[in-house]
Amino acid sequence: MGRHAPRRGGLTAAVSSLALAVAAASVVALSEGGGSAEAAEAATTAITLADPSTTTPRADRPYVAGDSGFLHRQTGRAGMQWTDYATGRTVTVEKADGSVYAPSSTCYYIDSECRPAWYGSDGDLVALPSSSVTSSTVTLWDPATGTARNLSWPGSTTHGYYRALAGDTVVTSFSLIDKVDGEWQARKVTGDPTAVGSDDVLAADSSGVLWSVDTSRIGYIDVTSAVNTDVFADATYASHYVMSEDRIGWYQEGTAELHLKSRADLSAAEQLVKLPAHPGALDGAPVLVGDWLLLPLSSRELGSKLLAVSVTDPSVQQTLLTSAGEYALETGDGGALVTGGTDATDWWVQRVGQAEDGTLKLEKVRQAPAVENAKTGIALSRGSLRVAEDDPASTTTDTTSVRTLTTDGSTALTASAATASGSMYEPVCPYAGTSCAALWGNLSAEDVYLDTNGGTDEGEGLGDDRLKAIGGHYLDFGGRGGAIVDVSDDYAVYNSGGTTPAQYVGEFGQGQKLKRTVRAAALNGSTLWSATTTAGKLTSYSIPLAKTLSTVTVPGLACVPSELQAAGRWVYWACGTDSAGVYDAKAGTSRAVAPGDVLLGDGFTVRHDHAAHTLVLTESATGSTRVIASDLAANGLTADRRYRWTVDEYTGLVAWFDDYERTHVTTTGIAPSAVTAFETSAGSYAAPNVPFEADWVLSRPVTSWSLTLTSVQSGATGKATRTLTGGATPDRVVGVLERQDGRRELLPQRLVQVDPEGDRPRRRHGEHGHHRRGIPPARSAGPPRLRQPRRPRRPRRPAHPELLRRPDLPQRHRHGKVRRQVHRHRLGDHHHGRPLRRPERRPLQRRPRAVQQRRAAPVQAGLQCRGQAVDVVHDPRDQRLDAVQRADLAG
């Protein structure tokens, strides 16, 4: 039997198989979500994530119901908005000078009792009146063009002052002003005497105006003929007024009676509708929809109760919404706009219409998003989404929450519920003129931000910049006024400020690795990409190996770049705002992209177009572009990445906040790169209570994995001896195997990394693994060391026969460690007349490091993802860990 040949059967063979399985490529089958090569053309999907700060729905009050859209106002929003029915596109109404129009006078607050038709009615034209009720001018805003123009007329006793907008007709005290053949013309109202006061308009649409003649009489102005008619002579107790396509009238709340007249015959007798029982107090004005009267009633539930009563048979009633808003508005097509839903996250502007069976139905038109706290930062890495938001209870702290996203990169995208995570104390915003908590995604969701809470150790100054990993370690390089350059898999690049700035590279929990002059730099795991002093040249550097891996000349890069980003095989470079491109390190090619507020993903870039408030995606392989988001809020900044939007460079997801502070996530449809292992570590033996354990850091999430242990002695495709499996994991695969026989078994020497310096960690200075400057880190620059196993303890030798025959000695002296000492003490230096042979004590000698390292052989493990393999090479001779992609398929 050979020296390393596995024995037949038994546990020794099993442990050898385990060890050699890690040594031979047998880590297998990572199944993950990912598209095929055609995924770039596949469909994408997006989700909206709500995180309400209150259970009270956002109030959404409609003012004008037009043909193509409606004018409304929401709490927490500046000005008034126009929403298109067909597209849902919402724009803010602006005055002629481009400023946002803010309601004033009696409509200053959203719950104020505004004048009917003050902003318009039954049309797509919107009036923007001044706060004065004696104004002979009004601004008219056209939602189709987004433009506003001022209209004025002779006031005072000629035509009077602005009173309402009925369709496209301006109503004044004495006249109607219409646009005829492109020109505005005024028509005096005839018929019964007309002098419409500032608060006299009761209801209006494009056909007519219902107005209060005096305390008891109600008049009706026909828009087509400009004739006024007194229609109700005794409406002293009227509390609300209604108008539909074919009826006008008033409602007396005290008696629950409705008085109606037909618009086709205003001289006919009125119709009196009595409700069989009083429905209760009203929260808002009733609305007439066909043969139904809508009553927004006071309720103990959320909002109001919306009850519909038939005017032909008042005993027939229908509850449309148990939770509704107090505002309802008639529409020109015989329906109405109301608001309501089930809770703050399900609150909508809805259209009321008649169903085929004569009852009423609801149709959702536009959601009123729940009120949320202001968002201050966002990070997305390996499907882990962290959102930072303002803490209303603190002026210095931002709270964060984390969700786990699952996707196939195309049409499947789901999110877990938000889980409260660590807070951020006094984060530093990298953008001038605003307050934010910019976040950099990191391994194990320990996302990183910058604060000024460093310098807490002895010999340091309070107030130093500190790179803080939420839930993890921190890095303090002693700089101030600096900025984070990049973060990737527990490595970070930081530029200090001041008169002598420097660039630092560190590892969380291990401390500083490099200090050098400031330059463009980017991280891809432990690989550091850097600009050189030569235009067009970049270098890649292994931080664990502490050596340069390559120097490349980038096509199209005609400068010393001002910015770099790295993601897998792709490197983004920018020459200020003049030019930018994406370099393919595998193919050695480069493609130009638009510079600006850009983040790099796996095979694409995303740029925030601040002028259009959109996110534009550019595919790195083809250069094609498309808009993936169009509702980002305007904030006056030229860059807001990691504050208002971000990219997951591993999964291809893009996330952003809209102007309602909601979080959106979308897939890109671009196939991600094959799964790679950025780091590998493995144990050196298995024993009782000390299981064998191997750990791989993956480049992106997987849905399942398996680890197959094989015997190398039986060939490259050796017989499998054990298989470990696991489910979904965002960033790590951990294989653990425990011995069950109670024995301790060493792994072969080829798996043992010898450390002549010993593996006892040095004491760390400061909490969370922080190290003072000038003190070496606790761990070497290489990968995690594999502990040198102790030699198995020799079996205990039996006591010397002479000692066993000595009853005068205690039992403990007949066995154990003191046996040799007792032997010398009791028997002297001779035994049976012969000198005792003392064992020679040789000094402990260590084999030179170079010699020991020659005994360690490379450790290889193959990762597979849907048949596409990746080799992970662990070479103890160089104390390094490289991830080498292999394009061949496993089968």
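In this predicted model, four strands make up an open sheet whose order is 47-48-49-50, and the pairing within it is antiparallel. The edges of that sheet are held by strand 47 (563-567) and strand 50 (589-593), each of which has a single partner strand, so one side of each is left without a neighbour in the sheet. Direction ignored, neighbouring strands of this sheet are turned against each other by 20° on average. At one of these edges, strand 49, which covers residues 579-584, is joined to strand 50 by five bridges, and the two strands run antiparallel. Within this pair, Val-582 has Arg-591 of strand 50 as its bridge partner.

A further sheet can be followed in the order 43-44-45-46, where four strands again form an open arrangement with antiparallel pairing. Here strand 43 (521-524) and strand 46 (547-553) stand at the edges, and because each has a single partner strand, one side of each is left without a neighbour in the sheet. The average turn between neighbouring strands of this sheet is 20°, direction ignored. Strand 45, made of residues 537-542, runs antiparallel to strand 46 and is joined to it by six bridges, and in this pairing Thr-539 stands opposite Thr-551 of strand 46.

Earlier in the sequence lies strand 40, residues 491-495, which can be read together with its two partners. On one side, strand 39 (residues 483-488) runs antiparallel to strand 40, with five bridges joining the two. These two strands form a hairpin with two residues between them, and in the turn Asp-489 has a positive phi of about 50°. Strand 40 is also joined by five bridges to strand 41 (residues 503-507), again in an antiparallel manner. Asn-495 takes part in both pairings: Asn-495 is the bridge partner of Ala-483, and in strand 41 the bridge partner of Asn-495 is Gln-503.

How many of the five residues of strand 40 are buried? Strand 40 is mostly covered, with five of its five residues buried. In a regular strand the side chains alternate between the two faces of the sheet. In strand 40 both faces are covered, since Tyr-491, Val-493 and Asn-495 are buried on one side, while Ala-492 and Tyr-494 are buried on the other.

A single acidic residue elsewhere in the chain deserves a separate look. Glu-389 has its place in strand 31, which covers residues 384-390. Is Glu-389 buried or exposed? Its relative accessible area is 11%, and because buried means under 20%, Glu-389 counts as buried. Leaving aside residues up to four places away in sequence, Glu-389 touches Asp-51, Asn-373, Ala-374, Lys-375, Thr-376, Asp-398 and Thr-399.

Some totals place these local views within the protein as a whole. The secondary structure comes to four helices and 69 strands. The protein has 891 residues, of which buried residues make up 50%. Among the contacts with a separation of 6 or more, 48% are accounted for by residues 24 or more positions apart. The protein exposes about 41200 Å², and carbon and sulfur atoms supply 48% of that area.

Key:
Residues are numbered from 1 along each chain as its sequence is written. This is a predicted model: local features need pLDDT of at least 70, side-chain atom pairs count only at pLDDT 80 or more; totals for chains, interfaces and linings use all residues. Side-chain values use heavy atoms; hydrogens and water are left out. Buried means under 20% relative accessible area, exposed over 50%, partly exposed in between (1.4 Å probe, protein chains only). Two strands pair if DSSP finds at least two bridges between them. Axes are lines fitted to C-alpha atoms, for helices over the stretch in contact, and angles run from 0 to 180 degrees between N-to-C directions. Contact means heavy atoms within 4.5 Å. Accessible areas come from the Shrake-Rupley method with a 1.4 Å probe; for residues, only the protein chains shown count as cover.
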